[in-house]
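Please look over the chain shown here. The report below covers its sheet, a helix contact and some overall figures.

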Amino acid sequence: MKVHVTDLKPGDCLMTDTFNSVGLHILPGGTIVQREEISLLIRQRIEYVAIVARELPQTIEEQSHGLHDDFDQVIMNYESTFLEALSQGSFTPDLVDATLQPLLETLDKQKDVVSLLLLLDREDVDTYQHSLQVGLLSYYIATWLGYSKEERYKISRAGYLHDIGKSQVSLSILNNSGWLNAAEEEELKRHTAYGYDIIRRSMKDEATALVALQHHEYEDGSGYPANLRKNDIHPYTEIVTVADIYMKLTTSRLNRPKQGLVSVLRQVHEMGFGKLNGNVVQALTGHLLPGFVGKTVQLSNGETGTIVMNNALDIFKPLIKVHEDYRDLSRERSLTVDEVFI
């Protein structure tokens, strides 16, 4: 059967050898493709390949797949958009809409946002995965703030595309796991302006372009590239910036180990007093924290338990049931929630 490369799924088997437009051999027939092979085909601008017919599932349970598969497909499609921007300085907006809209329709039925964030929590998060994370969390924050369905989609799309300017930044900088020098730091910061230009060339949506330009601006004027203050930052940007920071803090970095969701939420909460928009931060904390009730957690002392109640006076110090005992973190101040499990 013949399929478009963006419709390939990990585990598909190529029926014949694959060549690019100038006749170079890319992959042999019989290759079982995984994400790396699919990315290679996209980079080589190969549109269609022949694969061995997939076996039809025998049961309804087998026909349904989890959100992991949806996420993987969206990430691969974002990679295609990113590579198109890299080579042409613009992208096809129809691919973005065709990718993102169906996923958001599915997520409208997903009310347990904490479990969703845990599903998105992966090791070695790259630009593609991070962009999906920010797009989806932006959608939920916009929902909690009361935006219309049309605006929620625009905000989510802006979050999904906020880092598209990184396509113009040198791979040696993007892939550098160490410290960047001053010149490299400045070049990386230019991804905001690059993103604005790419989006303006690709689609008629000034708000999405402004989000790409402004998503590192802070209300106290300490951000870049223009040191904007509160009244000069687009409302969509304020949502995407909170989502961007939250997702970044949940990812391990060179100088910072991976942190738990509750710890990260506390840090974002504190940034809501002057640096980030307070209403956006309150929407995030006010809707996520109740979602932790009933979740299994690991405490800083190594114990595992279940959150049974949030503390109204200190929202980051819940009551935890550990076996037959209870840990009131508002009283045992040295204890913290280190990790949350689905």
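## Strand pairing

In this predicted model, strands E6 and E7 are paired antiparallel, with 3 bridges between them. Within this pair, Ile 307 sits opposite Ile 320 of E7.

E7 covers residues 319-322 and also runs antiparallel to E8, joined to that strand by 4 bridges. Leu 319 has Asp 328 in E8 as its bridge partner.

## The hairpin

Strand E5 (residues 296-299) pairs with strand E6 (residues 304-309). The sense is antiparallel, and 3 bridges hold the register. One bridge partner pair is Val 297 with Gly 305 in E6.

E5 and E6 form a hairpin, with 4 residues between the two strands. Gly 302 lies in the turn and has a positive phi of about 95 degrees.

## The sheet as a whole

What is the strand order of the open sheet? It reads E8-E7-E6-E5-E9, 5 strands with antiparallel pairing. Strand E8 (325-328) and strand E9 (337-341) are at the edges. Each has a single partner strand, so one side of each lacks a neighbour in the sheet. On average, neighbouring strands of this sheet are turned by 40 degrees against each other, direction ignored.

Two general points help when reading the sheet. Strands in a sheet pair through backbone hydrogen bonds, in parallel or antiparallel fashion. Side chains of a regular strand alternate between the two faces of the sheet.

## A helix crossing

Helix H6 (residues 127-144) meets helix H14 (residues 278-288). Their axes come within 9 Å and cross at roughly 95 degrees. An angle from 65 to 115 degrees counts as roughly perpendicular, so H6 is roughly perpendicular to H14.

Which residues make the contact? H6 supplies Leu 137, Ile 141 and Trp 144. H14 supplies Val 280, Ala 283, Leu 284, His 287 and Leu 288. By type, the contact of H6 with H14 has 7 nonpolar residues, 1 polar and no charged.

## The chain overall

The secondary structure of the chain comprises 14 helices and 9 strands. Of the 342 residues, 48% are buried.

Consider the contacts in the chain with a separation of 6 or more. Residues 24 or more positions apart account for 61% of them. The accessible surface of the chain is about 16900 Å². Carbon and sulfur atoms contribute 50% of that surface.

Definitions and conventions
Residues numbered from 1 in each chain as written. Predicted model: local features only at pLDDT ≥ 70, side-chain atom pairs only at ≥ 80, totals over all residues. Heavy atoms only, no water. Axes fitted to C-alpha atoms, helices over the stretch in contact; angles between N-to-C directions. Parallel < 35°, antiparallel > 145°, perpendicular 65-115°, else oblique. Contact = heavy atoms within 4.5 Å. Nonpolar A, V, L, I, M, F, W, Y, C, P; charged D, E, K, R; others polar. Pairing = 2+ DSSP bridges. Buried < 20%, exposed > 50% of the residue type's maximum accessible area, 1.4 Å probe, protein only. Areas by Shrake-Rupley, 256 points an atom, 1.4 Å probe, with all protein chains shown as cover.
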